[in-house]
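Visitor: Please look closely at the strand pairing in this model, and then at the aromatic contacts that accompany the strands.

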Amino acid sequence: MTLRNNFTYDLNKNGLGDNTAINAFESYGNDKNLDNSLLLTLRSNLKPNMTNELKAQYLYTAQDSYQNDELGHALPRAIVENIVSSIDGKDKATNIQIGGHRFGQESFRNNVFQLVDNLYYNTDKIKYTFGADLMYTMAKSIYGSEVNGRFHFRENPSANGGDNLYNFNNLIAYRFYREVPLMDDPSVKSNIYNLGVYGQIQTKIAKGLDLMAGLRLDYGGYPKAELNQKLYDEMGIRTDNQIKSFIIQPRFQFDWNINEGNKDFLKFGAGIFSSDINNYMIINNLVFDGRHLATVDVTGKDVPVPDFNSYRNDYSTVPTLAQNQIPTINYTGKDAKIPVVYKANISYTHFFNERFRAGVAGYMALGRNNYFYYDRNMQANPYFTLDNEGGRGVYVSAATIAANGTMNWKDGRINKNFGRVLELVSDGKVNQFSFVVDTSYRYWKDGEITASYTWADIKDNTSYNGNVANSATLSTPVASDPRDLRMTYSDNQFRNKVVIYGNSPTIAGFTLGIRYAGMGGTRFSLTAGGNVNGDFVDSNDLAYIFPNLTQTLIDNPEVGKALKLHHRLQQQDCRKKRRKERILWSLGRSCRKKDQV
């Protein structure tokens, strides 16, 4: 019997940077984490060929985000956009922020109880493993993103005599956004249980050939939000759905020591593996139920004149704008599932001698049922399309678009009594393939050199993996409809990776090592820098490169080589496929270090 306790305390002062390009020191938040794990293990030799291992754990975790010591308390942010500076004779623009960190008031507490039992039974030919894994989580969470509010100022120095801070100094904000707490205690509680049972065999089925095969069954129980009766009456949407979580997971692995010569090894395996859900998804859907928070998102004349001195002295004076509050809803879709991954691998290794080895391997991972959120309060079809941009849809009417081209996402809502109505769906996909060639050589005593080359291809229809629900739509570049997920290169894509590692023989107890790692072939996207389709997000619309501008880009020495190379490859691809319509560019680059942008 073994009893052990692990305690961790991590205080990360000023470790939380906010999401504006340049943040004042006061906008950095603190992060405090406390974890304690108490684990009891009992290993019993029941028979010479039978062993049982029982583990019982109690885990407590506490995580707090809070404003740093300089600010001391929550405060609305002021984001000043388009601050222009002259650098090397050229105008460059950026955004600057003051005020509190956007989620510097979040808090999470978890009490986790887990019981795991494994029974190992061996015969002359087969090794058996049977087990059960039971886990129960009690969670209390305080969501805090944007509850303090933020004011946006857009500067136009050319219109204000070169004054970079004219609108800010004169308190002329064009937008105010806030998630206003409606309860004295905004916390949500969730009880989650996960049950798993599994079995595995390991046996020799031929000369040098071993088989390991197993089956695991997992089931999870997750809390559901209450039914928002008003939303159901007006839009027919149920918010009290539960995530479907029963998953059957077979897997196997062949290991072949060819002719048992200990020189050639072939491995092949495949399986299905489930994921536990990211608890932030549960928190999203419990908090944004229409009762805990109300969203204020106003522009133009509806924006209050900010009084930052008052906010610093008395947090209760931060505007709540009751007349402009609308509920934002996050809810679990009726077909939402737990993410799963289908994996396969094959590898071959040859030992030329006891010092020199080389191998090649291939890997595949197909992720399915990944998270995403669709806005169900956004018009299903565009009001009109931009024919000169390949039919890009616009989801607000032309009559609501301002003279300068700006749009308000609220004009594209189906039901004006609600803000965004975000449905958690399981439409996310990722396809990952990679091939690895590696070798190692022990040149003298224990001195060794190893090297590997990896070729990879990673595509998905969203790289969102769970966080604030808005992040799903913020981080996914779109051509037209943000609910139209298309397979493109992932944010995690790389094409080539080289790793070389070497260490010297041990001399007088010392070893010297050196490692080089290089990656290339990542991808980037060109975005329009404004809201073209009229949805909630004004930073993720893919740019349209007009055909008459492409030559200008190619001839411009300021344009990076990566962009020009991609353009030539794209033209070749279009000729092959006889496509002469417009191209919405989700761009790739052949990444030499000097070309990185």
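Guide: Two strands pair if DSSP finds at least two bridges between them, where strands (E, at least two residues) and helices (H or I, at least four) are DSSP runs numbered from the N terminus. The model is predicted, with local features needing pLDDT of at least 70, side-chain atom pairs pLDDT 80 or more, and totals for chains, interfaces and linings using all residues. Residues are numbered from 1 along each chain as its sequence is written, and side-chain values use heavy atoms, without hydrogens and water.

Strand 14 (residues 264-274) runs antiparallel to strand 17 (residues 340-351), and eleven bridges join them; here Phe-273 faces Val-341 of strand 17. Strand 17 is also antiparallel to strand 18 (residues 356-375), over twelve bridges, with Asn-345 opposite Tyr-363. Four residues separate strands 17 and 18 in a hairpin.

Elsewhere, an open sheet of six strands follows the order 2-6-5-9-10-15, with mixed pairing. Its edge strands, strand 2 (22-23) and strand 15 (293-299), each pair on one side only. Within this order, strand 5 (residues 77-87) and strand 9 (residues 150-154) are parallel over five bridges, and Val-80 has Phe-153 of strand 9 as its bridge partner.

Phe-153 also belongs to a cluster in which ring pairs (centres within 6.5 Å) link Phe-151, Phe-153, Phe-168, Phe-176, Phe-308 and Tyr-311. Of these residues, Phe-308 and Tyr-311 both lie in helix 4 (residues 308-313), three residues apart, about one turn of the helix. Tyr-311 has 3% relative accessibility and therefore counts as buried (under 20%); Phe-308, at 14%, is likewise buried.

Terms used:
Buried means under 20% relative accessible area, exposed over 50%, partly exposed in between (1.4 Å probe, protein chains only). Rings of Phe, Tyr and Trp (its six-membered ring) pair if their centres lie within 6.5 Å; planes under 30 degrees apart count as stacked, over 60 as edge-to-face and the rest as tilted.
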